[in-house]
Amino acid sequence: MSLTNILLVAAIIYGIVLLIGLFVKKEKPRTIHLEKMKKFLEGQLEPLERHPNSYKLIFVVEGTEFVFEDIIEEVGFSSNQFKGYLKVQTQSNLTFSFTEKETTKVRTNIVRATEIPAQGVDIRKVIVPPEFQEFYIHTNSPRRVNALFADDEVLSILKGFKNRDFRGRPSLSLEIKEGLIVLEFHSNRLLRPHIYQLHDDYSVIEKYVDQLMILVKKLNGLGRVEIEKDNEEL
């Protein structure tokens, strides 16, 4: 083979390699976006002990500590699933979560809360907005949940985290556990929010931090006075 032919073949092979590089997206190491997010939030990155190859990022905003968990789970021999959780503890002890109603049992827009004794009927009622009629509301303080539902800013944030799966079943990405606000970042790109938003652009987390900070201030604003009122009326 002549030198010209050798050079021609080499040029063709090089061109093919370049084309493959253009069309095949290389997966970046998982820690790259987390390191960028760490710098962006001026936080501290640590491994999660209960989840191999998973991390938590601790950072402070307006004197309030947030924790973001980036988790990987094996779902098969050759595939993994990513998800995340943004968490922040408030001064409240409120529990507030949503579960899908069984459609055959939907009769009223008044949902009774959990963990409240039988007396004090007025404070046992959670007035559910039309946007959340498909859910049962679980809470230890109907009074405070009604106050949150009556707040347009809070209602708008909650509506933004409402989802439907491919079967049309509703769910909410946010819940509150004894004052701990937990926002889930799903592995499914069709749900809001999903973890790949942050993998693609780490700065997007600022939007969700701002939304949770609003909820933190609202919950802290309700304070212990509301807890005392609930107890007084039982």
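These legends walk through several close-up views of a predicted model.

**View 1. Helix α4 and its buried face.**
Welcome to helix α4, which spans residues 152–160. Which residues of this helix are buried? They are V154, L155, I157 and L158. Looking down the axis of α4, you would find the buried residues within an arc of 160°, so they line one face of the helix. A general rule helps here: an α-helix has 3.6 residues a turn, so residues three or four places apart point the same way.

**View 2. D151 at the start of α4.**
Step back from the helix into the loop between α3 (142–149) and α4, and you meet D151. Where does its side chain reach? A side-chain oxygen of D151 comes to within 2.9 Å of the backbone nitrogen of E153, at the start of α4. D151 also has a neighbour to look for from elsewhere in the sequence: K218 is 67 residues away along the chain, while the two C-alpha atoms are 9.1 Å apart in space. K218 will turn up again in the next view, as one of the residues lining the largest cavity.

**View 3. The largest cavity and its lining.**
The structure holds one cavity of 30 Å³ or more, and the space in the largest cavity comes to about 50 Å³. Which residues line it? Around the largest cavity you can pick out F96, L148, V154, L158, I176, L215, K218 and L219. Two of these names, V154 and L158, are familiar as buried residues of α4. Both α4 and α6 (205–233) supply at least two residues each to this lining, and α6 gives the most, with three residues. By class, the lining has seven nonpolar residues, no polar ones and one charged residue.

**View 4. Strand β12 and its two partners.**
Here strand β12, residues 180–185, pairs with strand β4, residues 80–89, in the antiparallel sense over six bridges. To find your way along this pairing, look for L86, whose bridge partner in β12 is L183. Strand β11, residues 174–177, also pairs with β12 in the antiparallel sense, over four bridges. In this second pairing, K177 has L180 of β12 as its bridge partner. As a general guide to such views, side chains in a regular strand alternate between the two faces of the sheet.

**View 5. Two residues with a positive phi, E178 and E62.**
Most residues other than glycine have a negative phi. Which residue takes a positive phi in the hairpin of β11 and β12? It is E178, with a phi near 50°, in a hairpin that has two residues between its strands. Is E178 buried or exposed? E178 is exposed, with a relative accessible area of 60%. E62 offers another example, again with a positive phi near 50° in a residue other than glycine. You will find E62 in the loop between β2 (55–61) and β3 (64–74). Because its relative accessibility is 58%, E62 counts as exposed, the cut-off being over 50%.

**View 6. The cis peptide bond before P193.**
Most peptide bonds are trans. Which residues does a cis peptide bond join here? R192 and P193 are joined by a cis peptide bond, with omega at about -15°. To locate this spot, follow the chain into the loop between β12 and α5 (195–200), where P193 is found.

Notes:
Residues are numbered from 1 along each chain as its sequence is written. This is a predicted model: local features need pLDDT of at least 70, side-chain atom pairs count only at pLDDT 80 or more; totals for chains, interfaces and linings use all residues. Side-chain values use heavy atoms; hydrogens and water are left out. Buried means under 20% relative accessible area, exposed over 50%, partly exposed in between (1.4 Å probe, protein chains only). The arc is that of the directions from the helix axis to the C-beta atoms. A polar contact is a pair of N or O atoms within 3.5 Å; within protein, one must be able to donate a hydrogen and the other to accept it, and residues adjacent in sequence count only if both atoms are side-chain atoms. On a 1 Å grid over the protein atoms alone, a cavity is a set of points where a 1.4 Å probe fits but cannot get out, and a pocket is an open set with protein on both sides within 12 Å along at least five of seven lines; lining residues have an atom within 4 Å of a point. Grid points are joined across faces, edges and corners, and a volume is the space filled by probe spheres set on the points. Ala, Val, Leu, Ile, Met, Phe, Trp, Tyr, Cys and Pro count as nonpolar, Asp, Glu, Lys and Arg as charged, and the others, Gly among them, as polar. Two strands pair if DSSP finds at least two bridges between them.
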